[in-house]
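Please find below some short notes on the strand pairing, the nonpolar cores and one helix residue.

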Amino acid sequence: MESCNGEMQRCCDLNSDFADCSEAYLHVNDSNGNSSVHTEQEVENFRRKLKYFFMSPCDKFKARGRKPWKLTLQIIKIAVITMQLVWFGLSNQMVVQFKEENLMTFRHLFLMNFDDVRSDTFSVYTQRDVYTHIKYAVQQFLMLPNITLGNHEYERVGGVYTPLNLCQQFYRNGSISPANESFRIDVQVDEECLQIYPMQPFKTLKANPLNLTLHFERLLIVTIRFALKAINLQTVQCHELPDCYKFNIMITFDNRPRSGEIKIDLDYDVKINECRDWIVIGASPRNLYMTVLFDVMIILTLVASLVLCTRSVIAGVLLLFEYTEFFSSRYGKRVSLSERMEFINGWCIVIVVSDVLTITGSVLKIIIQLKAVESYDLCSILLGTGTMMVWFGVLRYMGYFKKYNILIITLRAAFPNVIRFTCCAAMIYLGYCFCGWIVLGPYHRKFRTLNVVSESLFSLINGDDMFASFKNMQQKSYVVWLFSRLYLYTFVSLFIYMVLSLFITLITDTYDTIKHQQSVSEPISDLHAFILQCKDSPESGCFSVDNTKHTCIICCLQRTRRSKDTSDR
């Protein structure tokens, strides 16, 4: 600091025409020597340090010649992560397509007279139909190798085919007499099962060839379980090893409501394993594992981004502590929460979270490609959320341009008011949800469950399917029908014409305020006002840390020249 003061003295001597410089120097040396110069220089250096911290990457490059490695890394990361997501999406799409097509195949194979249009309401209503559908499913299972168009086969365990399990669950004892309005039920549930192995002779002439008697008066559910295996060969075209699938199929005849309607459904659990023995002709193993190498490179890129962004967050926190101590000791003021949040780089936190999610998803993707696990859904959530937040992080660099950052500043400024307004509106919304569920649920399909009620009301706010909500209301109870009209009209009027309009007004008012502040260049906070006192441009050389003497001389000359120009004007 003494050498810097000496340089400042020589600067004033060389520029004796600038009276402000010499007067300032003489004033600070009247009482305590260099102590006052030291204090003022520290303030200026700290102001310059704050300004450099909030500079854009381009300005930082002009100020100190620091390469924008983090910006470059983010651009590269966006490109490679998007490519990874697209490749994984295409691969996952083949898996999902194969599973969905197999589900549709199994329903057409094992469910009698299955229709795609009414697949959600596939039911039977007579005892004879129940036996007929069970017999049909068993017959199709036994004849599967001769009728299927796919590569479906029975599961083998120890060289023996696994059987089909036909089970019924029913109350242990009971008698029901609706005519006498009496019943006696033992709630203990028993189960009877029948195993049928493939390739055994099967006669179809009897009405009940399975020698199975269903206890309809006590019947709860009938299940048919069996396992099939298949291989998904279409992945070879994408340079991936084919997967071996095991489908644990279950056909359910649900009689638990005991309403006279037995609903029939077919579903399965899928296990994806690596095939034990495989030979792929026309594709080398190196090409099959190129995606694994690409994922490893992405993980290394993400680790580098994670380190850089974490370092930026830590630097911001340390500078926050320094600014808080400086502001308290010099001005005796307490730094507000909004000013503290200026130092916490939210965009870097978003990028850090994104990197953690994407690294986890990439590792899981590698494990999936090595056929160790089959958590496609979890991997999709991690990679999808990570990629979404990576693209959100680009807004950080758009915010350095005044014509683009208006959206970001508006959202940040309006966020507290929006949260408070949303909490108040949510109370009204939940009240309508509970009321609609309990009153309109028995008479309207869109109000049967709380989840469906919430979805229906949210659709009404957006003006979707409004006429159907009014029309589909059953008129069995005239009082409830009148209440439904009052309920729907008041909800639509309140939320569309008032709540939604007020919500939009909050955003537009904040936008107008921010736009006015930018037009008149008003400092938003004490922090910004303090930084604006630093008139050094990024190209001035005052931000260089390589040559202290050179920096002091340059900054002194620039400040005295600015003072001279101001006085002349």
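Which residues does Phe-110 touch, not counting residues up to four places away in sequence?

1. Phe-110 touches Tyr-136, Ala-137, Gln-140, Phe-141, Leu-144, Phe-226, Leu-228, Ile-251 and Leu-266; contact means heavy atoms within 4.5 Å. The model is predicted, with local features needing pLDDT of at least 70 and side-chain atom pairs counting only at pLDDT 80 or more, while totals for chains, interfaces and linings use all residues. Residues are numbered from 1 along each chain as its sequence is written, and side-chain values use heavy atoms, leaving out hydrogens and water.

2. The largest nonpolar core (buried Ala, Val, Leu, Ile, Met, Phe, Trp, Tyr and Cys residues joined through side-chain atoms within 4.5 Å; buried is under 20% relative accessible area, exposed over 50%, partly exposed in between, with a 1.4 Å probe and protein chains only) has 48 residues. Phe-110, Ile-224, Phe-226, Leu-228, Phe-247 and Ile-251 touch the most other members. Among the elements giving two or more residues are helix 5 (69-110), strand 9 (219-232) and helix 12 (376-393); helices (H or I, at least four residues) and strands (E, at least two) are DSSP runs, numbered from the N terminus. Helix 5 gives the most, 7 residues.

3. Another core, of 19 residues, lies apart from that one and includes Tyr-429, Ile-461, Phe-470 and Met-473.

4. Strand 10 (residues 243-254) runs antiparallel to strand 11, joined by 12 bridges; pairing requires at least two bridges found by DSSP. Phe-247 has Val-270 of strand 11 as its bridge partner.

5. Val-296, in helix 9 (residues 290-331), is partly exposed at 37% relative accessible area.
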